[in-house]
Amino acid sequence: MKKVFYRSWIAKHLLFAGYSTITLLAWVFTKWSKTEARQSTINHECTHARQWIELTVASGLLIWIVMLIWNYSAWWLICSVATFYVWYILEWCIRKMIASVLADCREDYDAYRLISFEREARLSEKDSNYLENSTYFAWMRFY
Ligand SMILES: [Zn+2]
């Protein structure tokens, strides 16, 4: 299945100037052509795509089990699509709150860079085989 969309209409119309690539759900959209694209950026974004898949499948299974036990509607499964984004924003908010507490003593604290998903994605930038060789849910080791 195609994962990276080069010279993407979505990337061209969705991203601000200065931004080239975005991951939406399990796909990566970039303004660049395949020859222009930086491999490190593609590796980074593909890692986010896998993180989204991992959390969507895991939360979907949990929701499905809850549905079976308590007879909830299958519509709740749609929530699994948003799990990665909710988790990402929650972690950023928590780290931002920590940053505000530590602001006086640590000026180098960067909430965005410390998000576990970002830490794993940065780790994958220099290794084009990272996704093949890493374990699922590897981002959890950054907690
Ligand atoms: Zn990232």
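Here are some notes on the zinc site, the helices around it and two annotated stretches of this predicted model.

1. **The zinc site.** Let's start with the metal. The zinc ion is held by protein donors from His44 (NE2), His48 (NE2) and Glu118, whose OE atoms are listed twice, and these donors lie 2.0 to 2.6 Å from the ion. Along the chain, the donors follow the spacing H-x3-H-x69-E. Linking distant parts of the chain, His48 sits in helix α2 (residues 39-70) and Glu118 in helix α5 (residues 116-124), 70 residues apart.

2. **The geometry at the metal.** What is the geometry of the zinc site? The site has four donor atoms with angles of 54 to 148° among them, and it is irregular. Four donors count as tetrahedral only if all angles lie between 85 and 135 degrees, so this range does not fit that label.

3. **Buried or exposed?** Two of the zinc ligands are worth checking for accessibility. His48 has a relative accessible area of 6%, and Glu118 has a relative accessibility of 3%. Buried means under 20%, so His48 and Glu118 both count as buried.

4. **Helix α5 and its neighbours.** Glu118 has buried company in α5: Ser116, Phe117, Glu120, Ala121 and Ser124 are buried too. Which helices do the buried residues of α5 pack against? They pack against α2, α3, α4 (111-114) and α6 (130-133).

5. **How α3 meets α5.** Helix α3 (residues 83-102) packs with α5 at an angle of about 105°, and their axes are 9 Å apart. Angles of 65 to 115 degrees count as roughly perpendicular, so α3 and α5 are roughly perpendicular to each other. On the α3 side, the contact is made by Phe84, Trp87, Tyr88 and Glu91, and on the α5 side by Ser116, Phe117 and the zinc ligand Glu118.

6. **How α2 meets α3.** The axes of α2 and α3 cross at roughly 110° and come within 8 Å. These two helices are therefore also roughly perpendicular to each other. From α2, the contact uses His48, Gln51, Trp52, Leu55 and Ser59, while α3 brings Thr83, Phe84, Tyr85 and Trp87.

7. **A point to look at in the record.** An unreviewed UniProt entry places the feature "transmembrane region" at residues 6-30 and 75-94. In the model, residues 6-30 are 24% helix and 32% strand, with the end C-alpha atoms 5 Å apart. Residues 75-94, in turn, are 60% helix and 0% strand, with the end C-alpha atoms 29 Å apart.

Conventions. Residues numbered from 1 in each chain as written. Predicted model: local features only at pLDDT ≥ 70, side-chain atom pairs only at ≥ 80, totals over all residues. Heavy atoms only, no water. UniProt positions renumbered as here; feature names shortened; annotations may be inferred. Helix = DSSP H or I, 4+ residues; strand = E, 2+ residues; numbered from the N terminus. Donors = N, O, S within 2.8 Å, 3.2 Å for Na, K, Ca; no water. Tetrahedral: all angles 85-135°; square planar, octahedral: opposite > 155°, others 65-115°. Buried < 20%, exposed > 50% of the residue type's maximum accessible area, 1.4 Å probe, protein only. Axes fitted to C-alpha atoms, helices over the stretch in contact; angles between N-to-C directions. Parallel < 35°, antiparallel > 145°, perpendicular 65-115°, else oblique. Contact = heavy atoms within 4.5 Å.
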